[in-house]
Amino acid sequence: MMNEEKLLTVARYLEGDMEPQEKIDFEMAVPTDPELQELLAEYKNVHQTLKMKIAPSPADAQLEATLSSLNQQYFKNTVAEQRKTAQVVSFKPYLKWMSVAAVLIIGLLIWAPWSANLYEQYAISKEMSVVERGEGDKNNLEKAADFYNIGDFASAAKVLQEEYAANKNNSQVAYYYGISLIETAKGEEGRAVLSKLAEGESVFKYDAVYYMALSYVKEKNPKEASVWLEKIPQGSANYDQAQELSKKLK
(Lines give C-alpha, C1' and ligand atoms only; values in the text may rest on other atoms or scores of the structure.)
Protein backbone atom coordinates (compact mmCIF):
# COMPACT_ATOMS: atom_id res chain seq x y z
CA MET A 1 0.00 0.00 0.00
CA MET A 2 1.09 3.57 -0.64
CA ASN A 3 0.53 6.74 1.31
CA GLU A 4 -0.81 9.12 -1.32
CA GLU A 5 -0.35 12.15 0.93
CA LYS A 6 3.36 11.40 1.17
CA LEU A 7 3.54 10.87 -2.57
CA LEU A 8 1.95 14.23 -3.23
CA THR A 9 4.38 15.82 -0.78
CA VAL A 10 7.33 14.22 -2.57
CA ALA A 11 6.02 15.53 -5.91
CA ARG A 12 5.71 19.06 -4.55
CA TYR A 13 9.21 18.88 -3.05
CA LEU A 14 10.90 17.74 -6.25
CA GLU A 15 8.94 20.21 -8.37
CA GLY A 16 10.04 23.10 -6.13
CA ASP A 17 6.53 23.95 -4.92
CA MET A 18 7.24 24.12 -1.20
CA GLU A 19 7.68 27.11 1.04
CA PRO A 20 11.21 27.37 2.57
CA GLN A 21 10.22 26.15 6.04
CA GLU A 22 8.10 23.32 4.63
CA LYS A 23 11.06 22.25 2.51
CA ILE A 24 13.36 22.26 5.54
CA ASP A 25 10.89 20.16 7.54
CA PHE A 26 10.58 17.69 4.67
CA GLU A 27 14.35 17.32 4.28
CA MET A 28 14.71 16.70 8.01
CA ALA A 29 12.10 13.93 7.82
CA VAL A 30 13.63 12.06 4.86
CA PRO A 31 16.63 10.42 6.61
CA THR A 32 14.36 8.68 9.15
CA ASP A 33 11.50 7.77 6.82
CA PRO A 34 12.22 4.80 4.49
CA GLU A 35 8.92 5.29 2.67
CA LEU A 36 9.79 8.87 1.79
CA GLN A 37 13.20 7.72 0.57
CA GLU A 38 11.58 5.08 -1.64
CA LEU A 39 9.03 7.52 -3.06
CA LEU A 40 11.75 10.06 -3.80
CA ALA A 41 13.71 7.48 -5.78
CA GLU A 42 10.62 6.23 -7.66
CA TYR A 43 9.37 9.70 -8.52
CA LYS A 44 12.78 10.78 -9.81
CA ASN A 45 13.04 7.64 -11.96
CA VAL A 46 9.63 8.15 -13.56
CA HIS A 47 10.30 11.88 -13.96
CA GLN A 48 13.56 11.21 -15.81
CA THR A 49 11.94 8.56 -18.02
CA LEU A 50 9.15 10.88 -19.14
CA LYS A 51 11.56 13.75 -19.71
CA MET A 52 13.46 11.61 -22.22
CA LYS A 53 10.30 11.03 -24.26
CA ILE A 54 10.96 13.94 -26.61
CA ALA A 55 9.13 12.30 -29.54
CA PRO A 56 6.60 9.91 -27.97
CA SER A 57 5.46 6.88 -29.89
CA PRO A 58 1.76 5.93 -30.27
CA ALA A 59 2.26 3.57 -27.33
CA ASP A 60 3.61 6.45 -25.25
CA ALA A 61 0.63 8.60 -26.21
CA GLN A 62 -1.73 5.82 -25.15
CA LEU A 63 0.10 5.48 -21.83
CA GLU A 64 -0.15 9.22 -21.24
CA ALA A 65 -3.90 9.09 -22.00
CA THR A 66 -4.30 6.22 -19.55
CA LEU A 67 -2.38 8.06 -16.86
CA SER A 68 -4.35 11.24 -17.50
CA SER A 69 -7.55 9.25 -17.00
CA LEU A 70 -6.16 7.86 -13.75
CA ASN A 71 -5.21 11.38 -12.75
CA GLN A 72 -8.79 12.58 -13.28
CA GLN A 73 -10.18 9.62 -11.34
CA TYR A 74 -8.00 9.90 -8.25
CA PHE A 75 -7.04 13.57 -8.20
CA LYS A 76 -10.24 15.51 -8.90
CA ASN A 77 -9.51 18.34 -6.50
CA THR A 78 -7.47 21.37 -7.49
CA VAL A 79 -3.85 21.46 -6.39
CA ALA A 80 -4.74 23.86 -3.57
CA GLU A 81 -7.55 21.59 -2.40
CA GLN A 82 -5.32 18.52 -2.54
CA ARG A 83 -2.86 20.14 -0.18
CA LYS A 84 -5.63 20.53 2.37
CA THR A 85 -7.55 17.31 1.83
CA ALA A 86 -5.02 14.72 0.63
CA GLN A 87 -6.14 11.25 1.71
CA VAL A 88 -4.53 7.85 1.95
CA VAL A 89 -5.61 5.58 -0.92
CA SER A 90 -4.68 1.93 -1.30
CA PHE A 91 -3.63 0.55 -4.67
CA LYS A 92 -2.92 -2.96 -5.84
CA PRO A 93 0.83 -3.56 -6.24
CA TYR A 94 0.70 -3.58 -10.03
CA LEU A 95 -0.94 -0.12 -10.02
CA LYS A 96 1.64 1.41 -7.74
CA TRP A 97 3.84 2.76 -10.52
CA MET A 98 0.79 4.17 -12.30
CA SER A 99 -0.09 6.09 -9.16
CA VAL A 100 3.42 7.52 -9.08
CA ALA A 101 3.14 8.55 -12.72
CA ALA A 102 -0.31 10.06 -12.18
CA VAL A 103 1.02 12.38 -9.51
CA LEU A 104 4.02 13.05 -11.73
CA ILE A 105 1.72 14.25 -14.50
CA ILE A 106 0.25 16.78 -12.09
CA GLY A 107 3.77 18.05 -11.42
CA LEU A 108 4.68 18.14 -15.09
CA LEU A 109 1.53 19.90 -16.25
CA ILE A 110 0.79 22.20 -13.32
CA TRP A 111 3.80 22.83 -11.11
CA ALA A 112 6.90 22.81 -13.35
CA PRO A 113 6.55 21.79 -17.02
CA TRP A 114 9.69 19.86 -17.90
CA SER A 115 9.92 21.45 -21.34
CA ALA A 116 10.76 24.74 -19.63
CA ASN A 117 13.05 23.33 -16.95
CA LEU A 118 16.37 23.29 -18.75
CA TYR A 119 18.34 22.87 -15.55
CA GLU A 120 16.70 19.53 -14.80
CA GLN A 121 16.86 18.39 -18.43
CA TYR A 122 20.58 19.01 -18.78
CA ALA A 123 21.83 18.04 -15.32
CA ILE A 124 24.48 15.33 -15.63
CA SER A 125 25.56 14.33 -12.12
CA LYS A 126 22.36 12.77 -10.84
CA GLU A 127 24.16 10.29 -8.59
CA MET A 128 27.21 10.51 -6.39
CA SER A 129 29.40 7.41 -6.42
CA VAL A 130 31.97 6.53 -3.79
CA VAL A 131 34.16 3.52 -3.13
CA GLU A 132 32.36 1.26 -0.67
CA ARG A 133 34.17 0.27 2.51
CA GLY A 134 32.19 -2.88 3.08
CA GLU A 135 31.05 -3.70 6.60
CA GLY A 136 31.22 -1.22 9.42
CA ASP A 137 30.20 2.38 9.89
CA LYS A 138 29.92 4.54 6.79
CA ASN A 139 32.42 7.32 6.27
CA ASN A 140 31.29 10.87 5.54
CA LEU A 141 31.50 10.48 1.76
CA GLU A 142 29.23 7.46 1.87
CA LYS A 143 26.78 9.32 4.10
CA ALA A 144 26.87 12.30 1.76
CA ALA A 145 26.27 10.03 -1.23
CA ASP A 146 23.24 8.48 0.46
CA PHE A 147 21.71 11.93 0.98
CA TYR A 148 22.70 13.17 -2.48
CA ASN A 149 21.26 10.16 -4.29
CA ILE A 150 17.80 10.56 -2.74
CA GLY A 151 17.74 14.25 -3.52
CA ASP A 152 18.36 15.46 0.02
CA PHE A 153 20.95 18.00 -1.08
CA ALA A 154 20.72 20.10 2.07
CA SER A 155 21.88 17.17 4.21
CA ALA A 156 24.50 16.21 1.64
CA ALA A 157 25.87 19.76 1.66
CA LYS A 158 26.22 19.73 5.45
CA VAL A 159 28.31 16.57 5.37
CA LEU A 160 30.36 17.67 2.36
CA GLN A 161 31.00 21.06 3.91
CA GLU A 162 32.94 19.39 6.71
CA GLU A 163 34.96 17.32 4.24
CA TYR A 164 35.64 20.33 2.03
CA ALA A 165 36.80 22.43 4.97
CA ALA A 166 39.21 19.65 5.96
CA ASN A 167 40.63 19.17 2.46
CA LYS A 168 39.83 21.68 -0.29
CA ASN A 169 42.10 19.81 -2.68
CA ASN A 170 39.75 16.81 -2.82
CA SER A 171 38.18 17.45 -6.22
CA GLN A 172 35.40 14.89 -5.78
CA VAL A 173 34.25 16.49 -2.54
CA ALA A 174 34.46 19.97 -4.06
CA TYR A 175 32.47 18.94 -7.12
CA TYR A 176 29.53 17.37 -5.31
CA TYR A 177 29.60 20.02 -2.60
CA GLY A 178 29.30 22.73 -5.24
CA ILE A 179 26.38 20.98 -6.91
CA SER A 180 24.63 20.42 -3.57
CA LEU A 181 24.88 24.14 -2.84
CA ILE A 182 23.44 24.99 -6.25
CA GLU A 183 20.60 22.53 -5.71
CA THR A 184 19.72 24.26 -2.44
CA ALA A 185 19.50 27.73 -4.02
CA LYS A 186 23.00 28.75 -2.91
CA GLY A 187 24.27 29.37 -6.40
CA GLU A 188 26.86 31.98 -5.54
CA GLU A 189 28.44 29.77 -2.88
CA GLY A 190 28.33 26.77 -5.21
CA ARG A 191 30.06 28.71 -7.97
CA ALA A 192 32.77 29.83 -5.56
CA VAL A 193 33.59 26.15 -4.99
CA LEU A 194 33.23 24.99 -8.60
CA SER A 195 35.18 27.88 -10.11
CA LYS A 196 38.33 26.62 -8.38
CA LEU A 197 37.83 23.23 -10.01
CA ALA A 198 37.19 24.90 -13.36
CA GLU A 199 40.52 26.71 -13.06
CA GLY A 200 42.41 23.52 -12.16
CA GLU A 201 43.27 20.35 -14.03
CA SER A 202 41.37 17.65 -12.18
CA VAL A 203 39.11 15.11 -13.89
CA PHE A 204 36.18 17.27 -12.77
CA LYS A 205 37.43 20.39 -14.56
CA TYR A 206 34.94 20.56 -17.42
CA ASP A 207 32.13 19.00 -15.43
CA ALA A 208 32.61 21.91 -13.04
CA VAL A 209 32.57 24.37 -15.95
CA TYR A 210 29.34 22.78 -17.16
CA TYR A 211 27.71 23.11 -13.75
CA MET A 212 28.84 26.71 -13.53
CA ALA A 213 26.72 27.24 -16.65
CA LEU A 214 23.83 25.23 -15.23
CA SER A 215 23.85 27.30 -12.05
CA TYR A 216 23.08 30.36 -14.16
CA VAL A 217 20.44 28.44 -16.10
CA LYS A 218 18.78 27.64 -12.77
CA GLU A 219 18.82 31.34 -11.93
CA LYS A 220 17.39 32.25 -15.36
CA ASN A 221 20.53 34.08 -16.45
CA PRO A 222 21.11 32.82 -20.02
CA LYS A 223 23.82 35.39 -20.78
CA GLU A 224 26.19 34.17 -18.07
CA ALA A 225 25.23 30.55 -18.73
CA SER A 226 26.25 30.93 -22.38
CA VAL A 227 29.61 32.40 -21.38
CA TRP A 228 30.44 29.27 -19.40
CA LEU A 229 29.07 26.87 -21.99
CA GLU A 230 31.48 28.37 -24.52
CA LYS A 231 34.38 27.35 -22.26
CA ILE A 232 33.68 23.64 -22.82
CA PRO A 233 36.02 22.43 -25.60
CA GLN A 234 35.14 20.10 -28.42
CA GLY A 235 36.00 16.52 -27.53
CA SER A 236 35.10 16.85 -23.86
CA ALA A 237 32.35 14.66 -22.43
CA ASN A 238 29.75 17.42 -22.15
CA TYR A 239 30.48 19.26 -25.38
CA ASP A 240 27.43 18.09 -27.33
CA GLN A 241 25.07 18.78 -24.44
CA ALA A 242 26.65 22.19 -23.94
CA GLN A 243 26.15 23.07 -27.61
CA GLU A 244 22.53 21.91 -27.55
CA LEU A 245 21.78 23.81 -24.37
CA SER A 246 23.50 26.92 -25.71
CA LYS A 247 21.17 26.94 -28.72
CA LYS A 248 18.12 26.69 -26.49
CA LEU A 249 19.26 29.69 -24.47
CA LYS A 250 19.37 31.97 -27.51
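A polar contact is a pair of N or O atoms within 3.5 Å; within protein, one atom must be able to donate a hydrogen and the other to accept it. In this predicted model, such a pair sits at the start of helix H8, where a side-chain oxygen of Asn 139 comes to within 3.1 Å of the backbone nitrogen of Leu 141.

Helix H8 covers residues 140-149. Its buried residues are Leu 141, Glu 142, Ala 144, Ala 145 and Tyr 148. Viewed down the axis of H8, these buried residues fall within an arc of 160°, so they line one face of the helix. An α-helix has 3.6 residues a turn, so residues three or four places apart point the same way. Just after H8, Gly 151 adopts a positive phi of about 85°.

The overall architecture is helical. The protein holds 14 helices and zero strands. Of its 250 residues, 44% are buried. Contacts were also sorted by sequence separation. Among those with a separation of 6 or more, 63% join residues 24 or more positions apart. The exposed surface amounts to about 14,000 Å². Carbon and sulfur atoms supply 51% of that area.

In soluble globular proteins, nonpolar side chains tend to be buried together. Here, the largest nonpolar core has 44 residues. Within this core, Tyr 210, Tyr 211 and Leu 245 touch the most other members. At least two core residues come from each of helix H7 (118-122), H8, helix H9 (153-166), helix H10 (171-183), helix H11 (187-199), helix H12 (205-218), H13 and H14. H12 gives the most, with nine residues. Apart from this core lies another, of 12 residues. Met 18, Leu 40, Tyr 43 and Ile 150 are among its members.

Tyr 211 was examined further. Leaving aside residues up to four places away in sequence, Tyr 211 touches Tyr 119, Ala 123, Ile 124, Ser 125, Tyr 175, Ile 179, Ile 182 and Leu 194. One of these partners, Ser 125, lies in the loop between H7 and H8. Ser 125 is buried, at a relative accessible area of 11%, which is under the 20% cut-off. Its side chain makes a polar contact of 2.5 Å with the side chain of Tyr 175. With the same sequence neighbours left out, Ser 125 touches Tyr 148, Tyr 175, Tyr 176, Ile 179 and Tyr 211. Tyr 148 is itself one of the buried residues of H8.

Backbone angles were considered next. Most residues other than glycine have a negative phi. Ala 185 is not a glycine, yet has a positive phi of about 65°. Ala 185 lies in the loop between H10 and H11. Its relative accessible area is 68%, and Ala 185 is exposed. Lys 220, also not a glycine, has a positive phi of about 60°. Lys 220 belongs to the loop between H12 and H13. At 73% relative accessibility, Lys 220 counts as exposed.

A further loop residue is Glu 230, located between helix H13 (222-229) and helix H14 (239-249). Glu 230 is exposed because its relative accessible area of 64% is over the 50% cut-off. Glu 230 and Val 209 are 21 residues apart in sequence. In space, their C-alpha atoms are 9.5 Å apart.

Key
Residues are numbered from 1 along each chain as its sequence is written. This is a predicted model: local features need pLDDT of at least 70, side-chain atom pairs count only at pLDDT 80 or more; totals for chains, interfaces and linings use all residues. Side-chain values use heavy atoms; hydrogens and water are left out. Buried means under 20% relative accessible area, exposed over 50%, partly exposed in between (1.4 Å probe, protein chains only). Helices (H or I, at least four residues) and strands (E, at least two) are DSSP runs, numbered from the N terminus. The arc is that of the directions from the helix axis to the C-beta atoms. A nonpolar core is a set of buried Ala, Val, Leu, Ile, Met, Phe, Trp, Tyr and Cys residues joined through side-chain atoms within 4.5 Å. Contact means heavy atoms within 4.5 Å. Accessible areas come from the Shrake-Rupley method with a 1.4 Å probe; for residues, only the protein chains shown count as cover.
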